[in-house]
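Trainee: Could you take me through one part of this model in detail, going slowly enough that I can follow each step on the screen?

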Amino acid sequence: MPATIAVDIGGTFTDVVLEDGASRVTTKTPTTASAPAEGVMRGLAQVLAEAGLLPRDVGLILHGTTLATNAVLERKGATTALVTTEGFRDVLEIGYETRFDQYDLMLEKPFPLVPRERRLTVRERVDASGTVRTPLDEAGVEAAAHTLKTLGVESVAVAYLHAYANPS
């Protein structure tokens, strides 16, 4: 049976574990924030050398990372925008009433990950069964793209109501 390698890229360290039958080799290398693959490659080279294996001896590599979670928590990363169904621009701020103490008049909610000026809407509507009720306004998409470019957006999340039910 081929060996298995698991890699976890964290904000500080990259952990690599190689299992080959009953044998296990582990290493921890520093994560290079600007190039996370560097820590992975160093770790892979170390565990393969220590185990006396070649890359062809590995049948499965499992990968996990907290980099995205850390970027969200630290509010770092690309300048991001949200394009969503018309009428749902503020859904990130509204959220669910059960998430916070709904009776706390002094509650300070965290700032949304995407500020309002970078949340755009385009007319379209799909119902829960996937039936198109209002076709996508393509001119609205072009206008939104122009606005996003003007705002210097680097990443765009597109989240249309009931998009899961209609892949087009």
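Mentor: What follows is a close look at one sheet and the helix across it, and then at a single threonine. Please keep in mind throughout that this is a predicted model. The sheet is an open one, formed by 3 strands in the order β6-β5-β9, and the pairing is parallel. Its edge strands are β6, covering residues 119–122, and β9, covering residues 155–159, each of which pairs on one side only. Neighbouring strands of this sheet are turned against each other by 25 degrees on average, with direction ignored. As a general point, the strands of a sheet pair through backbone hydrogen bonds, in either a parallel or an antiparallel manner. Here, strand β5, made up of residues 80–85, is joined to β6 by 4 bridges, the two running parallel, and within this part of the sheet Leu-82 stands opposite Arg-119 in β6. Helix α4, which spans residues 138–150, lies across β5, β6 and β9, and runs at about 165 degrees to β6.

Turning to the threonine, Thr-31 is located in the loop between β3 (23–30) and α1 (37–51). Thr-31 counts as buried because its relative accessibility is 13%, which falls under the 20% limit used for that word. A polar atom of the Thr-31 side chain lies 2.9 Å from the backbone oxygen of Gly-10. If neighbours within four places in sequence are left aside, the residues in contact with Thr-31 are Ile-9, Gly-10, Gly-11, Thr-12, Phe-13 and Thr-14, so that Gly-10 appears both in this list and in the polar pair with the Thr-31 side chain.

Notes. Residues numbered from 1 in each chain as written. Predicted model: local features only at pLDDT ≥ 70, side-chain atom pairs only at ≥ 80, totals over all residues. Heavy atoms only, no water. Buried < 20%, exposed > 50% of the residue type's maximum accessible area, 1.4 Å probe, protein only. Polar contact = N/O pair within 3.5 Å; in protein donor to acceptor, adjacent residues only side chain to side chain. Contact = heavy atoms within 4.5 Å. Pairing = 2+ DSSP bridges. Axes fitted to C-alpha atoms, helices over the stretch in contact; angles between N-to-C directions.
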